Amino acid sequence: MYLSLSIRPMQITLTEKQTKAFDYLEDKTTKEILFGGSAGSAKSFTGCLWQLLRRLAHPNTRGLIGRAKLTDLKNTTLMTFFEVANMLGVNHKFKYNAQNNRILFNNGSIIFLKDLFLYPSDPEFVSLGSMEITDCFIDEAGDVCEKAYTILRTRIRYNLINGVPKMALGANPAQNWLYREFYKPFKDGTLPNDRKFVPSTARENKYIPHEYLISLDKLKGIDRERLRNGNWDYEDDNTVMIPYDAILGMFGFEYAERGQKYISADIALGGADLFVVGVWDGLQLLDVIVLPKCEADEVLTVLKDCADKHQVPYRNIVFDGDGVGGYLRGFLRRSYKFNNGSSPIIAKKKQSAGYLMKKSFITPDHANLKTQCAYRLADLASNGEIGITLTNTIRKYQDRIQSELQQLKRDKVDNDSKLYIISKEQMKENLAHSPDFLDMMIMRMVFELEY
Ligand SMILES: Nc1ncnc2c1ncn2[C@@H]1O[C@H](COP(=O)(O)OP(=O)(O)OP(=O)(O)O)[C@@H](O)[C@H]1O
Ligand SMILES: [Mg+2]
């Protein structure tokens, strides 16, 4: 189809991997395609070329090129776009409007350049809600949250080419929704027909300068795995406490040991944090209730209703005692008031016969109670002993819960006398939000410390 374009012939020859990607990008079954792996594997080039050719060949269609940050999009992806246009000799066929971030084509087509970062001011991506597009390309999709992707998907319905909504994603290996939705099913052979993954590395891009490959050869550790080898199963740093596979395995797993019901609640009365309540049957997380910050009496109502509904005895409720007023503490006086910084719990040691040894205590070597519970969570989760039921709310927050669990990392590993985890501030910085779900899950472990 593109051969009919009045562009200079033979200016661009696709690599084998690009050809494969283009086959999927133009067929009638594929709706989403992930292209990528290592750095320099021609992700941006492929996406830009595709967008450009589509707009030129199909008048009055609307594309979108998105990236987490618009400044990065303009500084890098857009440069590749102009490079491609230059190679094709089609610069005169469009105008770039830097003010409203659009590329307007003479034939009435348009490409929107869009910032896909999850800003606290627009958590639901209302800014995307009003758009109608023909297709889109997300560059460095690993930096974009799942929500942007799912919302964008629903916006692809304008003047569709061959009636198929198409989305192209370019990314380096990332252990987030891309891994879950594309890489893992690809590896397991369970990718649905309308989704494709084309792995590629810089070595398969014959246009990459030799010096660039040498610079990739010099990388070490995770960077080498991800950026040189395009390895999606890279071991995140060795401080990670729950392997990524085990994190994924918890979701939808229904066979955790059940028993007593519990509630663990991370209470947020102010600030930007979420109020997160987890309802548990043994080690099965049955559901979560999530509220943006709320008033004390609202917290009370939610916890009461939840305890009644699931018949949870008040002594099996644990809540974050640090930020909670006396009013709430009164109601929850029989519940466990969790203080992060308090001393670890001295666990009673059981003899093998099952009898409690008289006054035989073991002293845990965790920095504090929260650390002790975090280690317990990591142990149980890594062993596949925790299940998370996929309710609607959990589905909604699944990506966020996963990334919070990935933040459970050891700290001060050289310290031989005590065990640490990285600080909440550090987690917040890595996540760009507070680890509210993780805190809720950590607190639940206070009932699992006796052994
Ligand atoms: N078919 C092609 N013809 C000519 N040059 C190409 C072709 N495909 C890719 N290239 C060149 O290969 C180089 C790397 O491509 P690109 O920037 O798209 O890679 P990338 O995977 O996006 O890299 P990064 O990881 O840095 O984002 C660029 O200089 C690009 O111009
Ligand atoms: Mg790129």
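**Ligand 1 and some helix pairs**

Let me start with the ligand. Sixteen residues is a lot to list, so I will name those that come nearest: of the 16 residues around ligand 1, these are Gln18, Lys43, Ser44, Phe45 and Glu83. Please keep in mind that this is a predicted model.

What kinds of residue make up the shell? By class, the shell around ligand 1 has seven nonpolar residues, six polar ones and three charged ones.

Now the polar contacts. A polar side-chain atom of glutamate 83 is 2.4 Å from an oxygen atom of ligand 1. Two other contacts go to the backbone. At threonine 13, a polar backbone atom lies 3.0 Å from a nitrogen atom of the ligand. At glycine 40, a polar backbone atom lies 3.1 Å from an oxygen atom of the ligand.

How much of ligand 1 does the protein bury? Taken alone, the ligand exposes 630 Å², and the protein buries 79% of that.

Which elements give two or more residues to this shell? They are helix H2, residues 43-57, and helix H3, residues 70-88. The largest share comes from H2, with three residues.

That brings me to how the helices are arranged. Two packed helices are described by the angle between their axes and by the distance between those axes.

I will take H2 and H3 to begin with, as both appear in the shell. Their axes come within 9 Å and cross at roughly 60 degrees. Angles from 65 to 115 degrees count as roughly perpendicular and those under 35 as roughly parallel, so H2 and H3 are oblique to each other. Their crossing is right-handed.

H2 also has a pairing with helix H1, residues 16-26: the two axes come within 11 Å, and the crossing angle is roughly 40 degrees. H1 and H2 are therefore oblique to each other. H1 passes H2 in a right-handed crossing.

The last pair is further along the chain. Helix H13 covers residues 392-406 and helix H15 covers residues 436-444. How do they pack? The angle is about 65 degrees, and the axes are 8 Å apart. H13 and H15 are therefore roughly perpendicular to each other. H13 passes H15 in a right-handed crossing.

To go back over the ligand: H2 and H3 each give two or more residues to its shell, and the protein buries 79% of the area that ligand 1 exposes when taken alone.

Technical notes:
Residues are numbered from 1 along each chain as its sequence is written. Chains are lettered from A and ligands numbered from 1 in the order in which they are written. This is a predicted model: local features need pLDDT of at least 70, side-chain atom pairs count only at pLDDT 80 or more; totals for chains, interfaces and linings use all residues. Side-chain values use heavy atoms; hydrogens and water are left out. A residue is near a molecule or strand if one of its heavy atoms lies within 4 Å of it. A polar contact is a pair of N or O atoms within 3.5 Å; within protein, one must be able to donate a hydrogen and the other to accept it, and residues adjacent in sequence count only if both atoms are side-chain atoms. Accessible areas come from the Shrake-Rupley method with a 1.4 Å probe; for residues, only the protein chains shown count as cover. Helices (H or I, at least four residues) and strands (E, at least two) are DSSP runs, numbered from the N terminus. Ala, Val, Leu, Ile, Met, Phe, Trp, Tyr, Cys and Pro count as nonpolar, Asp, Glu, Lys and Arg as charged, and the others, Gly among them, as polar. Axes are lines fitted to C-alpha atoms, for helices over the stretch in contact, and angles run from 0 to 180 degrees between N-to-C directions. Angles under 35 degrees count as roughly parallel, over 145 as roughly antiparallel, 65 to 115 as roughly perpendicular and the rest as oblique. A crossing is left-handed if the near helix is turned anticlockwise from the far one by less than a right angle, and right-handed if clockwise.
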